Amino acid sequence: MEFILPGALTGSCPAWPPDVFAVAATLMRRTGSYVRCLATGGKSAVSLLDERWPGRAEAIGGAWRRAICAALKEHAGSGKTSLESALLRATLPPSVTQAWSTLCNRAGTSFGSCTADDALTRSLLELSGYADEASWSIGLESAGDEQDEYGQAAQLFLALNDKQSFCHRVHPQRARVLGKKHTPQQGLTLRSLTHHLSLCMPWEVEPLWFDLDSARLDDVLNLLLLPWPLEVKATDFQCVNSGSGLSELRGDSLFEYSRPSRPDSEVERWVLDAIERAKRQVSKLHAVVLPELALTRSEWKIAEAVAIRSGVMLISGIIDDTDDKSGLPMNSCRIQMMSLPTRPGAETVAAAPPPAFRQAKHHRWCLDRHQVLQYDLGGQLPSALRCWENSHIGDRRIFFAHLGGWLTFSVLICEDLARQDPIADVLRSVGPNLVIALLMDGPQLAARWPARYASVLADDPGSSVLTLTSLGMCQRSRPVGGGGAGSRVIALWKDKLYGTRELELPEGCDACVLSLARDTREEYTADGRSDGKATEVTVYSGFFPVPAGSARNP
Amino acid sequence: MSNEKFEDMAVLSTVARLRAKNLLNEMDANALRLKLKSDWGRKVFADLQAGGPAPEDRGLLQRCCAALL
């Protein structure tokens with residue numbers, strides 16, 4: 001306890017629920033004592049929490065939140081005290097302080113004995129449940145909903161923690177607490193225990209949470225999928241001298257994928273033309289998504305300007321990015337999510353373009369003999385060696401963006417979907433309701449690896465997943481045995497309610513619109529608390545191929 | 001391309017939201033100022049504290065902050 005929250009044993013109960021949750025959840029994760037939230041029937045039935053627990057947790061959590069709001073309203077602000085000082089004036093519900101006292105009184109218990117200690121385990125479960133109930137919609141308060149003082153304080157602490165945690169007194173290098181979108185409905189892990197708070201251990205991956213107070217999104221979301229490049233040449237793949245000789249020592253090789261940037265005017269025309277053609281299929285478009293390594297940096301700038309003018313988000317992999325510090329080549333993606341239409345009454349003065357967010361890939365792609373042959377690259381790359389993507393791996397970060405009132409999404413780049421470590425822990429803890437995986441891969445068939453990993457995320461935590469590759473790589477794919485050769489399945493959709501869909505471009509089409517809808521479902525925590533049917537699930541709602549236009553395609 | 005300006009917009013949005021709710025104390029404002037990473041962010045913060053950012057900066061912030069409408 002003292003490690004997570006210095007001074008915890010000598011001071012009073014922390015007033016801020018995410019701090020209390022950080023302590024209780026870390027202890028439960030370390031000891032596994034959360035498994036005792038379950039009741040087992042039979043002759044010697046034992047349950048730490050009775051049937052009144054869900055209602056009690058909701059009432060006490062609600063009272064805790066109201067106490068904080070009242071204290072902040074009265075004591076915090078200009079000419080008054082800081083939020084930190086005002087928090088100390090909150091009168092916590094007695095049940096919270098009693099559970100905290102029980103926990104502190106048993107601080108000498110060894111980890112091995114924790115689970116068997118009824119009072120200690122009950123106090124951990126109670127503190128976690130109260131804090132969770134107090135924190136409803138934390139980090140998910142955008143789109144004009146009137147944010148109470150609790151939500152405002154959460155925003156402040158998030159900003160002070162560099163967007164990594166909603167805690168106040170618990171340092172983000174000791175434990176991080178973020179918001180949450182899905183509660184796993186299968187199995188039993190610590191994640192099963194909360195609706196609103198997630199524990200993210202301060203390990204190597206840095207999660208970043210953005211609650212963008214943008215205009216409310218429609219309940220139908222139309223994504224224009226541009227599977228660019230439409231053609232990938234074998235000569236776009238080249239061996240690279242590693243310089244150090246280390247790769248050669250291992251019998252490995254390095255490769256890069258590159259191509260020249262296209263003229264600005266052509267890129268602008270292609271993107272505009274694609275958006276216009278898509279709008280013949282759906283009247284409103286919300287985002288344009290391109291695969292891994294789809295655009296050069298200069299092409300991104302042009303496409304971004306078009307997206308901003310068109311009022312749509314833009315998500316794309318970048319082919320020629322470099323690490324800011326070292327200048328080394330880096331595989332990354334960019335996300336322009338502030339380009340959605342502004343609210344009525346917003347300034348119309350021409351401003352600088354809103355900034356995009358950049359996230360780097362966490363793993364290198366390794367082309368083995370099997371893949372070199374599959375993509376017909378044997379004339380360019382040595383099939384006898386393992387060929388590693390020449391990409392710098394730097395800081396590992398993953399963003400979670402909540403916008404438009406219901407959408408919380410993340411983006412992964414290719415290998416990051418397959419090699420779920422080290423991001424799996426944080427991704428599963430938060431459970432965004434949309435994960436977009438940008439790939440440089442073969443056809444997105446339901447039998448292939450992206451579908452398997454999408455299923456893992458759809459099962460636990462319940463995230464919906466879109467995988468998207470380029471038509472060029474799809475068409476290069478010639479698997480041994482012939483399955484999927486010449487396929488035009490450029491994307492795959494998976495959601496936990498309606499399953500898997502292969503998205504295949506018909507001949508004569510070079511793009512498609514994927515329509516997604518917001519659905520709501522009731523989820524339960526393992527200790528029996530309902531979310532009141534508040535879980536928003538992103539589900540498949542339609543697929544509309546876009547016939548190719550007259551403009552020569554990329 | 002760095003994420004500095006993007007991250008600064010999140011901080012500035014928090015400043016604007018807290019101010020709109022009259023919850024922004026001088027100590028909290030100063031703590032938030034120290035989190036800003038770009039010159040642009042520090043300039044807009046000063047403008048926010050002084051009364052209001054320039055129209056072009058206001059327009060930018062309104063994309064992620066309804067409190068500035």
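In what order do the 7 strands of the open sheet in chain A sit? In this predicted model, the answer reads 10-9-8-7-4-19-20, and the pairing along that row is mixed. Strand 10 (357-360) and strand 20 (535-547) of chain A sit at the edges; each has a single partner strand, so one side of each goes without a neighbour in the sheet. The sheet isn't flat either: leaving direction aside, its neighbouring strands are turned by 30 degrees against each other on average.

Further in, strand 4 of chain A (residues 220-225) and strand 7 of chain A (residues 287-289) run parallel, with 3 bridges joining them. One pairing to look for here is L224(A), whose bridge partner in strand 7 of chain A is V288(A). Strand 7 also meets a helix: helix 10 of chain A (residues 297-310) packs on the sheet and touches strand 7, strand 8 (313-322) and strand 9 (329-336) of chain A. Set against strand 8 of chain A, the direction of helix 10 makes an angle of about 165 degrees.

Then there's the contact between the two chains, which takes 37 residues from chain A and 34 from chain B. On the chain B side, the elements giving two or more residues are helix 1 (4-20), helix 2 (26-33) and helix 4 (55-61) of chain B. Helix 1 of chain B gives the most to that side, with 10 residues. As for chemistry, the side of chain B that touches chain A breaks down into 17 nonpolar, 9 charged and 8 polar residues.

Technical notes:
Residues are numbered from 1 along each chain as its sequence is written. Chains are lettered from A and ligands numbered from 1 in the order in which they are written. This is a predicted model: local features need pLDDT of at least 70, side-chain atom pairs count only at pLDDT 80 or more; totals for chains, interfaces and linings use all residues. Two strands pair if DSSP finds at least two bridges between them. Helices (H or I, at least four residues) and strands (E, at least two) are DSSP runs, numbered from the N terminus. Axes are lines fitted to C-alpha atoms, for helices over the stretch in contact, and angles run from 0 to 180 degrees between N-to-C directions. Two residues are in contact if their C-beta atoms, placed from the backbone, lie within 7 Å. Ala, Val, Leu, Ile, Met, Phe, Trp, Tyr, Cys and Pro count as nonpolar, Asp, Glu, Lys and Arg as charged, and the others, Gly among them, as polar.
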